[in-house]
Amino acid sequence: MVLVPYEDLIGILSSVLMRLSVPEQDALDTAEAIVAADLRGIESHGVVRFPTYVKRIRLGIINPKPNIKVIRESRNVILIDADNGLGQVAGKLAMSMCIEKAKENDVAIAGVRNTNHIGIAGHYAMMPLRENMIGIVLTNTAALMAPHGGCEPVLGTNPFAVAIPAGREIPIVLDMSTSVVSRGKIEESLRKGEKIPFGWAVDNEGNHTDDPEKALEGALLPLGGAKGYGMSIVIDIISGLLTGSSYGKDIKSMFLDFTKPMGVGNFMVAIKVESFMPVDEFKEKVDGYIKMIKGSKRAKGVDEILLPGERSYRTMCKRLKEGVPLGEGALRALEEAKKLVGM
């Protein structure tokens, strides 16, 4: 395990991307979004995935210099075509535009079509917090998950995130996929040579498995059975079908298909708190809500009740101060990415 200062890590990733003709600001935005996962303790979505982005740019299936266009626009709605560019670039632009529109019009929604993997959805949902707004992000992904009762991967893990500002307390940030676990978690187990719990995935015959390799050849299972299955369908329709992007089995895998663009779709929302009540009043109520939950009776053996995003926030603060820990897999990924561009 090696601790790397946050700024140094951003510098390495952005330098690699700039060698691939990615404009400097786009490279910085992408690097920040990728490292945000490692900062918050979601290593499966961070630096370990960086070589895949690099390979897809080199193969011409991610556009390093996209001509991002606003296709439709009204007071509250924006529809963006990302021109198959890096998902992190279009994601930041979409939420930034949402925030500006919500300042004037109370709430704003952005749809993004023809984009790529954006990293952790929470990174974008948290952007409106700085403006005392609530952020919501939905995105679809390649088909990795079986429907409830099925064994063929026809749905994405289709994550969503919601970020809610607080006063003195830590903001509430829910960031989750609609599968029991993400593919990244199973990949992490495979890299470590560990078994996975039964109930995470099935093999290609539909049998529950604890073998991560067989799980990656099969399908992930939906969170809560029919509940996660239903959530995945709704997110796919809103972020993919509604925005004019790909959906279901038409989205190409970031890891398995290096012949065609992914075709991911995003759906982002910014809600101006002040349009409903004074910001200070809202934050005071959220703080009270948080204290009510954290002060409730704990189960035996539990030291503390945590709110969504609280553990990740603490991890982020620690890593910003001490450095981002990179394990063997992340270090190999970093060296592989550098080697691919001759660094």
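The legends below accompany close-up views of a predicted model.

**View 1. Division of the chain into domain 1 and domain 2.** Domain 1 is discontinuous in sequence, made up of 1–64 + 310–342, and domain 2 comprises 66–179 + 222–295. Between the C-alpha centres of domain 1 and domain 2 the separation is 21 Å. To the contact, domain 1 contributes 27 residues and domain 2 contributes 27 residues.

**View 2. The largest nonpolar core and its most connected members.** This core holds 33 residues, of which Leu9, Leu13, Phe50 and Leu326 touch the most other members. Two or more residues are supplied by each of α1 (6–18), α2 (24–39), α3 (50–58), β11 (324–326) and α11 (328–340). The largest share is that of α1, with six residues. At least three residues of the core come from each of domain 1 and domain 2. In soluble globular proteins, nonpolar side chains tend to be buried together.

**View 3. Surroundings of Leu326, and a second core.** With residues up to four places away in sequence left out, Leu326 touches Met1, Val2, Val4, Leu9, Val47, Leu331 and Leu334. Another core, of 28 residues, lies apart from the largest one, and its members include Ile80, Ala82, Ile99 and Met127.

**View 4. Helix α11 and its buried side.** The 13 residues of α11 reach 18 Å from the first C-alpha to the last, close to the 18 Å expected at 1.5 Å a residue. Buried positions in α11 are Gly329, Ala330, Ala333, Leu334 and Ala337. These residues lie on the same side of α11 because they cover an arc of only 140° around the axis. Glu328 and Lys339 are exposed on the other side of α11. The packing partners of the buried residues of α11 are α1, α3 and β11. After α11 comes Gly342, with a positive phi near 80°.

**View 5. Helix α3 within the structure.** Seven of the nine residues of α3 are buried, so this helix is largely enclosed by the rest of the structure. The buried residues are Phe50, Pro51, Thr52, Tyr53, Val54, Arg56 and Ile57. They pack against α1, α2, α4 (87–105) and α11. Phe50 is also one of the residues that touch the most other members of the largest nonpolar core. Gly60 follows α3 and has a positive phi, near 85°.

**View 6. Thr52 in helix α3.** Thr52 has a relative accessibility of 11% and therefore counts as buried, the limit for that class being under 20%. Beyond residues up to four places away in sequence, Thr52 touches Met254, Phe255 and Phe258. Thr52 and Pro153 are separated by 101 residues in sequence, and their C-alpha atoms are 21 Å apart in space.

**View 7. Arg49 in the loop between α2 and α3.** Arg49 is buried, its relative accessible area being 5%. Not counting residues up to four places away in sequence, its contacts are Ser44, His117, Gly184, Glu187, Met254 and Phe255. Of these contacts, Phe255 is 206 residues from Arg49 along the chain, yet the two C-alpha atoms are separated by 9.2 Å. Met254 and Phe255 are also among the residues touched by Thr52.

**View 8. The hairpin of β2 and β3.** Strand β2 (residues 69–73) pairs with strand β3 (residues 77–81) in the antiparallel sense, over four bridges. Three residues lie between the two strands of this hairpin. Val70 stands opposite Ile80 of β3, and Glu73 stands opposite Ile78 of β3. Ile80 is also among the members of the core of 28 residues. In a regular strand the side chains alternate between the two faces of the sheet.

**View 9. Parallel pairing of β3 with β4.** Strand β4 (residues 107–115) and β3 are joined over five bridges in the parallel sense. In this pair, Ile78 stands opposite Ala110 of β4. The pairing of β3 with β2, by contrast, is antiparallel.

Note on methods: Residues are numbered from 1 along each chain as its sequence is written. This is a predicted model: local features need pLDDT of at least 70, side-chain atom pairs count only at pLDDT 80 or more; totals for chains, interfaces and linings use all residues. Side-chain values use heavy atoms; hydrogens and water are left out. Two strands pair if DSSP finds at least two bridges between them. A nonpolar core is a set of buried Ala, Val, Leu, Ile, Met, Phe, Trp, Tyr and Cys residues joined through side-chain atoms within 4.5 Å. Buried means under 20% relative accessible area, exposed over 50%, partly exposed in between (1.4 Å probe, protein chains only). Domain bounds come from an automatic or database domain assignment. Contact means heavy atoms within 4.5 Å. The expected span of a helix is 1.5 Å times one less than its number of residues. The arc is that of the directions from the helix axis to the C-beta atoms.
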